[in-house]
Each structure stands twice: as C-alpha cells, then as structure tokens.
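Take a walk through this model, from one helix packing to another and then to the ligand. Keep the structure open as you read.

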Amino acid sequence: MAQYPELNGRVVAITGAAQGIGAVAAREFALQGAHVALIDIAEVEGAKVADALTAEGCRARFIRTDIASESSVQSSIAQVVEAFGGLDVLVNCAGGYTKMLTIEEMPVEEFDKVVALNLRGTFLMCKTAIAPLKRSKAGRIINIASISGRTVHATSSPAYGAAKAGVIQLTRFLAWELGPHGITANSISPITTLTPRVAALRTPEQVEAMSASIPLRRLAEPIDHVNAMLWLASDAASYVNGVALDVNGGRVMF
Ligand SMILES: NC(=O)c1ccc[n+]([C@@H]2O[C@H](COP(=O)([O-])OP(=O)(O)OC[C@H]3O[C@@H](n4cnc5c(N)ncnc54)[C@H](O)[C@@H]3O)[C@@H](O)[C@H]2O)c1
C-alpha cells in the first residue's frame with residue numbers, strides 16, 4: 001500500500017462508509033493517519049465499522065446521515081467540523097440501486113428515488129461541504145460514479161446510469177467552480193466490484209464469465225478504487241482536477 005504521510009491528521013468525510021467500498025476507504029484513510037468521519041444511513045453497521053477503527057487506535061467517528069435530506073446533510077457536515085475542527089477531503093461513496101427496470105417499465109417514483117440517492121445526495125454533500133473545504137489548505141472532493149454513467153450496458157438501471165453520468169458532470173462543475181479556492185474535484189467510475197454484497201449475488205461461474213470481458217481478466221476489488229481515492233486525496237494529485245477516472249480494468253476506454 002502506498003503511503004501518503006501528508007494525509008496524517010487530515011479530516012476525511014466518507015459517505016456510504018458502513019459497508020462495501022466506503023468501509024474499505026474509511027479503513028485505509030484511517031490507517032494513513034487521517035481523521036475519518038463515517039457517514040451513512042445504516043446506524044448499527046456504520047457505528048460498528050467506526051468502533052473497530054477506534055479500537056485499532058485510529059481517529060474515527062460515525063455520523064448517521066440521510067444524504068438525500070438537506071437538513072440531515074447540514075447537520076452531518078456541522079458535526080464533522082465540530083468533532084474534527086474542519087474538513088479536508090470529502091469522498092461521496094453512498095449510492096446504488098435495487099431494481100433493474102427498463103425506462104418503459106420504470107415508475108417515476110423509482111426514477112426519483114434512484115436519482116435522489118445517487119445525484120441529489122452527492123450534490124447536497126458537496127454543496128454543504130464547500131464552506132469548510134474552502135478553509136482547508138488541501139481541499140478535495142472525490143465522487144464515486146460508475147461505469148454505468150460512462151457507457152450503456154444491459155445489466156444496469158437507466159435511472160442509476162443517468163444519475164451517475166450526472167455525478168460525473170456535477171464533479172466537473174465543482175472542479176471549475178472550486179479550483180480558484182485550491183479545491184480539486186474528481187470522480188472515479190468503478191466497474192462491478194467484489195464487495196461482500198456483490199460477491200454474494202453472483203456464482204463463481206458468473207464472476208468468471210464477467211471477468212472474461214475485462215482486459216485484466218478480473219473484477220475489481222474495493223481496494224482498487226480506494227488506491228485511486230488515496231492518490232487523488234494526496235499532494236501527488238494536487239494538479240489533477242475535473243477528471244473522470246475509470247477504474248475498470250480497461251473494460252471500456254475513452
Ligand atoms: N460495487 C460495485 O460493483 C459498484 C460498481 C460501480 C459503482 N459502484 C458505486 O460505488 C459506490 C459504493 O458501492 P458499494 O457496492 O460499496 O455500495 P454498498 O451498497 O455496499 O453500500 C452503500 C452504502 O450507502 C449507504 N446508503 C444508502 N442510502 C443512503 C443514504 N440515503 N444516506 C446515506 N447512506 C446511504 C448504505 O447504507 C451502504 O452502507 C456506490 O456509489 C456505487 O454506486 C459500485
């Protein structure tokens with residue numbers, strides 16, 4: 001694992017940190033010495049991840065938040081600043097979808113729900129974090145999009161793909177708007193990633209078949225994305241701004 005000593009003591013807020021890619025991100029940032037706010041709607045699971053980090057001697061705190069609610073997000077960012085004295089890095093990892101429906105089949109309520117979680121939630125977190133990020137000497141926004149926001153494939157939700165494409169473009173606007181304040185904003189687009197949740201939904205044969213279509217012949221692991229996040233948060237990436245970084249083993253190339 002690459003070491004970024006400059007991350008020691010930086011305040012990193014991570015949404016979706018109760019499980020999956022976000023939980024791995026919380027752990028790896030904490031092991032770099034960052035002070036980590038774990039933001040998630042899942043109280044029991046999120047507190048468990050934060051407690052485990054604290055038990056290992058890391059500085060971590062769980063803050064229950066519904067990222068789709070403006071008042072919840074405002075309270076969440078206020079708690080981060082109060083607990084840690086500021087905010088340096090915001091990682092927006094919370095997202096996803098549960099129903100695979102065509103546009104023709106999709107009730108508008110389902111569309112709104114998926115967009116609220118993936119796009120509105122990311123917008124609210126970014127918007128609310130801008131004031132404390134402006135006070136940081138190395139402000140960073142890292143938004144997790146998806147390969148579904150980069151290309152169209154049958155095994156995804158149109159609402160999710162559209163929302164993730166929105167996340168990528170929102171990130172470019174953030175890069176444009178916040179660059180003059182020394183804040184960078186970049187997005188990462190993962191391919192199917194073997195989190196415990198995703199792995200449980202697929203047989204080894206299905207994983208093998210999916211891997212065959214990827215030049216690197218394997219699905220992603222959460223750490224593949226977290227390595228990109230650590231680098232984007234580090235001083236090494238201080239001139240990287242507005243990028244849509246594909247972490248997909250070369251499955252789609254632009
Ligand atoms: N895992 C993959 O294969 C994959 C592929 C491409 C993109 N992504 C993206 O990467 C990110 C992480 O994916 P994952 O598979 O690790 O996610 P996950 O489903 O395992 O975890 C998502 C987390 O978000 C939290 N969450 C859900 N709704 C919330 C809300 N309203 N407010 C706050 N928290 C909320 C959940 O409680 C959960 O802890 C997501 O944005 C996802 O869209 C994942």
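In this predicted model, start with the side of α1 that faces α8. I21, V24, A25, E28 and F29 of α1 touch P222, I223, H225, V226, M229, L230 and A233 of α8. Sorted by type, the residues of this contact are ten nonpolar, one polar and one charged.

Now look at the geometry behind that contact. Two packed helices are described by the angle between their axes and the distance between the axes. Helix α1 covers residues 20-31, and helix α8 covers residues 222-233. Their axes come within 9 Å and cross at roughly 50°. That angle makes α1 oblique to α8. The crossing of α1 past α8 is right-handed.

Move on to helix α3, residues 70-84, and helix α4, residues 108-134. Their axes lie 10 Å apart, and the packing angle is about 40°. Why is this pair called oblique? Angles under 35 degrees count as roughly parallel, and about 40° does not fall there, so α3 is oblique to α4. α3 passes α4 in a right-handed crossing. On the α3 side, the contact uses E70, V73, Q74, I77 and V81. On the α4 side, it uses R120, L124, M125, T128, A129 and P132. Seven of the contact residues are nonpolar, two are polar and two are charged.

α4 also packs on helix α5, residues 158-178. Here the axes are 8 Å apart, at an angle of about 15°. α4 and α5 are therefore roughly parallel to each other. Their crossing is right-handed. Which residues of α4 meet α5? They are F111, V114, V115, N118, L119, T122, F123, C126 and I130. Their partners in α5 are A159, Y160, A163, K164, G166, V167, L170, L174 and L178. By type, the contact of α4 with α5 has 14 nonpolar residues, three polar and one charged.

Two residues of α5 in that contact, Y160 and K164, lead to the ligand. How many residues surround the ligand? There are 28, and the closest are Q19, D40, Y160, T193 and R197. So Y160 serves in both lists: Y160 meets α4 and is among the closest residues to the ligand. Polar contacts add detail. An N or O atom in the Q19 side chain is 2.7 Å from an oxygen atom of the ligand. For K164, a side-chain N or O atom is 2.8 Å from a ligand oxygen atom. I41 uses its backbone: an N or O atom there lies 3.3 Å from a nitrogen atom of the ligand.

How values were computed: Residues numbered from 1 in each chain as written. Predicted model: local features only at pLDDT ≥ 70, side-chain atom pairs only at ≥ 80, totals over all residues. Heavy atoms only, no water. Axes fitted to C-alpha atoms, helices over the stretch in contact; angles between N-to-C directions. Helix = DSSP H or I, 4+ residues; strand = E, 2+ residues; numbered from the N terminus. Parallel < 35°, antiparallel > 145°, perpendicular 65-115°, else oblique. Left-handed = near helix turned anticlockwise from the far one by under 90°. Contact = heavy atoms within 4.5 Å. Nonpolar A, V, L, I, M, F, W, Y, C, P; charged D, E, K, R; others polar. Near = heavy atom within 4 Å. Polar contact = N/O pair within 3.5 Å; in protein donor to acceptor, adjacent residues only side chain to side chain.
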